[in-house]
Amino acid sequence: SILSAMRARGGTMGSISVVILTHAHIASYLHAFSKSIQEILHVSDASIEYEYVLERLAVQQQESFFFVILLQPQMVIGAIEIRLDEQAFRGQIYCWLHEAYRSRGIFQHAMQWCAHYYFEHTQSIMITARIDCINMRSYKAFKKAGFMDGGICDGPYGKQYELLLARFLF
């Protein structure tokens, strides 16, 4: 399977790779962080995202695992952050994929690889994701990546789906 191939090659799928976020990725990350993505994620300005990324880099693997999805060696096309269990109250996943690369299966494979990495490096038994109920594209992408419905909850911008991914699936 493609997931098995990604695991064997350290997170690569053709010309797509998934790696831990570093300072070297920031400029490309911000370049790919489009207005459309900002709207979906409720981020009012790219400078706010810049500050968030710097904050997350400072606590990398202590509070979360932050990955970037790369096309070629340094072109960021997306990101996936999985926060540790203590952050589950707000959902553990923060992610995006540039609109030019959607509907190709990239997100599903990247998410599965990141989840596998997360489970290998933590004692967690579950990953939770919260998706705005109006964001059906993301809901469907998470379902394709293996997440199960966990119910509907109140979020900061309205109702959200709570989706769950269990360790035993890996």
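The legends below describe close-up views of a predicted model.

**Figure 1. Overall fold of the chain, with six helices and eight strands.** Starting at the N terminus, the order of elements is α-β-β-α-α-α-β-β-β-α-β-α-β-β. The chain has 170 residues, and 51% of them count as buried.

**Figure 2. The largest nonpolar core, a set of 35 residues.** Ile-69, Ile-80, Ile-127, Phe-142 and Phe-147 are the members that touch the most other members. Two or more residues each come from strands S2 (16–20), S3 (64–71), S4 (75–83), S5 (93–97), S6 (126–132) and S8, and from helices H5 (106–121) and H6 (136–144). H5 supplies the largest share of this core, with ten residues.

**Figure 3. Aromatic rings: one pair and one cluster.** The model contains 15 aromatic pairs. In one of them, Tyr-118 and Phe-119 meet edge-to-face, with ring centres 5.8 Å apart and an angle of 65° between the planes. Tyr-118 and Phe-119 are both buried. Elsewhere in the view, ring pairs join Tyr-29, Phe-33, Tyr-52, Phe-66, Tyr-94 and Trp-96 into a cluster.

**Figure 4. Cysteines in a model with zero disulfides.** Cys-114 takes part in no disulfide, and the nearest cysteine sulfur, in Cys-95, lies 9.4 Å away. Cys-114 is buried, with a relative accessible area of 0%. For Cys-153, the closest cysteine sulfur belongs to Cys-133. Why is there no bond from Cys-153 to Cys-133? The two sulfurs are 7.9 Å apart, which is too far for a bond, because a disulfide needs cysteine sulfur atoms within 2.5 Å. Cys-153 counts as buried too, at 16% relative accessibility.

**Figure 5. A nonpolar patch on the surface, formed by Met-148, Phe-168 and Leu-169.** Together these residues have about 330 Å² of accessible area. Phe-168 sits in the segment that follows strand S8 (158–166). With a relative accessible area of 68%, Phe-168 is exposed, because over 50% counts as exposed.

**Figure 6. Salt bridges, of which the structure holds seven.** Arg-102 is paired with Glu-99, and their closest N and O atoms are 3.9 Å apart. Glu-99 counts as partly exposed, at 32% relative accessibility. Another salt bridge joins the side chains of Asp-149 and Lys-143, at 3.1 Å from N to O. Both ends of this bridge count as partly exposed: Asp-149 has a relative accessibility of 44%, and Lys-143 has 32%.

**Figure 7. The salt bridge between Asp-154 and Lys-159, and a salt-bridge network.** The side chains of Asp-154 and Lys-159 meet at 2.6 Å, N to O. Asp-154 is exposed, with a relative accessible area of 60%, while Lys-159 counts as partly exposed at 48%. Glu-55, Arg-56, Glu-81 and Arg-83 are joined into one network by salt bridges that share partners.

**Figure 8. Pro-156 in the loop between strands S7 (148–155) and S8.** Pro-156 counts as exposed, at 68% relative accessibility. Which distance separates Pro-156 from Asp-132 in space? The C-alpha atoms of Pro-156 and Asp-132 are 9.3 Å apart, whereas in sequence the residues are 24 positions apart.

**Figure 9. His-42 and Ser-103, residues other than glycine with a positive phi.** The phi value of His-42 is near 60°. His-42 belongs to the loop between helix H3 (35–40) and helix H4 (46–58). Its relative accessible area is 34%, and His-42 is therefore partly exposed. Phi of Ser-103 is likewise near 60°. Ser-103 is located in the loop that connects S5 and H5. Is Ser-103 buried or exposed? With a relative accessible area of 73%, Ser-103 is exposed.

Definitions and conventions
Residues are numbered from 1 along each chain as its sequence is written. This is a predicted model: local features need pLDDT of at least 70, side-chain atom pairs count only at pLDDT 80 or more; totals for chains, interfaces and linings use all residues. Side-chain values use heavy atoms; hydrogens and water are left out. Buried means under 20% relative accessible area, exposed over 50%, partly exposed in between (1.4 Å probe, protein chains only). Rings of Phe, Tyr and Trp (its six-membered ring) pair if their centres lie within 6.5 Å; planes under 30 degrees apart count as stacked, over 60 as edge-to-face and the rest as tilted. Patches are made of residues with over 30% relative accessible area and no salt bridge: like charges are joined within 9 Å, nonpolar side chains (Val, Leu, Ile, Met, Phe, Trp, Tyr) within 5 Å. Accessible areas come from the Shrake-Rupley method with a 1.4 Å probe; for residues, only the protein chains shown count as cover. A salt bridge is a side-chain nitrogen of Lys or Arg within 4 Å of a carboxyl oxygen of Asp or Glu. Helices (H or I, at least four residues) and strands (E, at least two) are DSSP runs, numbered from the N terminus. A nonpolar core is a set of buried Ala, Val, Leu, Ile, Met, Phe, Trp, Tyr and Cys residues joined through side-chain atoms within 4.5 Å.
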